[in-house]
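Reader: I would like a close, patient look at the surroundings of a single residue, followed outwards into the pockets and cores of the model. Please choose the residue yourself and keep to what can be computed from the atoms or read from a record.

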Amino acid sequence: MSTHAKRERLLLADLLEAAGPDAPTLCTGWRTRDLAAHVVVRERRPDAAAGTVVPALKDRLDRVQAEFAEKPYEELIQLIRTGPPRMSPFTIKQIDEGANTVEFYVHAEDVRRAQPAWSPRELDPVFSDVLWSRLEKGARLLGRKAPVGLVLRRPDGQTAVAHKGTPVVTVTGEPGELTMFVFGRQDAAKVQLDGDQEAVARLHEAKQLGI
């Protein structure tokens, strides 16, 4: 049976292929070619990908990613579609699911939602529950720099505290939409924000959400 990560990987590859190399994305400053290069480097060049969390390696990451972005676009798409090299830890199902399910979902939506005629994608209940589970576990990390108190709420009433503080803003939406919101895609997330008007505005404009 296909895993969620594998399904989202193939969807991301299809969306990138259909959009072409120079389409916009929700990632500031990145076209689809840059996003494709990011995904490939993350899986195939751990020496450079470490620059996402180690500031001293940021220049190396930028250099390597720029080199990959110069490769033929079709080659980048094929590298995404076929997956990581044989010795990569990402070939282990549990690691792939843990590290890539949300990563590929968000980046697939980065491509979809940057297009002018996009419409919300209906997620199956099982996948929605998977995304919610990840949100519950990672809420404090994702919301740690929120400028106000932040509570995530599903339409069925389940909640997760992403940041303690006052005033509090409650963000309500389906798990897929909440995921986009806390990963810094506030403008593209179909959610409802409730709370003090000034606090809502501050949260909506916050640049610090996400990892």
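Author: In this predicted model, I would begin with R9, which, once neighbours within four places in sequence are set aside, is in contact with E43, I80, R81, G83, P84, D96, N100 and F104. R9 belongs to helix α1, and because its relative accessible area is 5%, under the 20% cut-off, it counts as buried.

Two of those contacts lead on to a pocket. The second largest pocket has a volume of about 190 Å³. Twelve residues line this second largest pocket, and those closest to its centre are K6, P84, F90, T91 and D96, of which P84 and D96 are also contacts of R9. At least two residues of this lining come from each of α1 (4–19), α5 (73–82) and α6, and by class the lining is made up of five charged, four polar and three nonpolar residues.

T91, another of the residues closest to the centre of that pocket, sits in the loop that runs between α5 and α6. With a relative accessibility of 42%, which falls between the 20% and 50% cut-offs, T91 is partly exposed, whereas R9 is buried. Beyond four places in sequence, the contacts of T91 are P84, P85 and R86, so that P84 is touched by T91 and by R9. R45 lies 46 residues from T91 along the chain, and the C-alpha atoms of the two are 14 Å apart.

A record bears on this part of the chain as well. An unreviewed UniProt entry lists residues 12–118 under "domain: Mycothiol-dependent maleylpyruvate isomerase metal-binding". Across residues 12–118 the model is 63% helix and 0% strand, with 15 Å between the C-alpha atoms at the two ends.

From here the description can move to the largest pocket, whose volume is about 1700 Å³. Of its 47 lining residues, H107, F183, R185, G210 and I211 are the closest to the centre. The elements contributing two or more residues to this lining are α2 (32–44), α3 (46–49), α4 (58–69), α6 (93–112), α7 (125–142) and α9 (197–205), and the classes divide into 20 nonpolar, 15 polar and twelve charged residues.

F183 deserves attention here, being placed in the loop between α8 and β4 (192–194). Neighbours up to four places away aside, F183 touches V102, V106, L142, L209, G210 and I211, and of these G210 and I211 are themselves named with F183 as closest to the centre of the largest pocket. F183 and L12 are 171 residues apart along the chain, with 17 Å between their C-alpha atoms.

Helix α7 also holds V130, which is buried because its relative accessibility is 18%, under the 20% cut-off. Not counting residues up to four places away, V130 touches H4 and T101. Its C-alpha atom is 27 Å from that of A19, a residue 111 places away in sequence.

The nonpolar cores come next. The largest of them has 30 residues, of which L150, L152, V171 and L203 touch the most other members. Two or more residues of this core are given by each of α6, α7, β1 (149–153), β2 (159–163), β3 (168–172), α8 (175–182) and α9, with the largest share, seven residues, coming from α7. Apart from this core lies another, of 23 residues, among them A13, L16, A37 and L79.

Within the largest core, L203 shows how its surroundings are assembled: beyond four places in sequence, L203 touches A146, P147, V148, L150, V169, V171, F181, Q186, L193 and L209, and L150 and V171 in that list are also among the core members with the most such contacts. Q186 appears again beside E205, since the C-alpha atoms of this pair, 19 residues apart along the chain, are separated by 7.7 Å. E205 lies in helix α9 and is exposed because its relative accessibility is 51%, over the 50% cut-off.

One backbone detail remains. Most peptide bonds are trans, but the bond joining T166 and P167 is cis, with omega about -5°, and P167 is found in the loop between β2 and β3.

Conventions: Residues numbered from 1 in each chain as written. Predicted model: local features only at pLDDT ≥ 70, side-chain atom pairs only at ≥ 80, totals over all residues. Heavy atoms only, no water. 1 Å grid on protein atoms, 1.4 Å probe; cavity = no way out; pocket = protein on both sides within 12 Å on 5 of 7 lines; lining within 4 Å. Points joined across faces, edges and corners; volume = space filled by probe spheres on them. Helix = DSSP H or I, 4+ residues; strand = E, 2+ residues; numbered from the N terminus. Nonpolar A, V, L, I, M, F, W, Y, C, P; charged D, E, K, R; others polar. Core = buried A, V, L, I, M, F, W, Y, C linked by side-chain atoms within 4.5 Å. Buried < 20%, exposed > 50% of the residue type's maximum accessible area, 1.4 Å probe, protein only. Contact = heavy atoms within 4.5 Å. UniProt positions renumbered as here; feature names shortened; annotations may be inferred.
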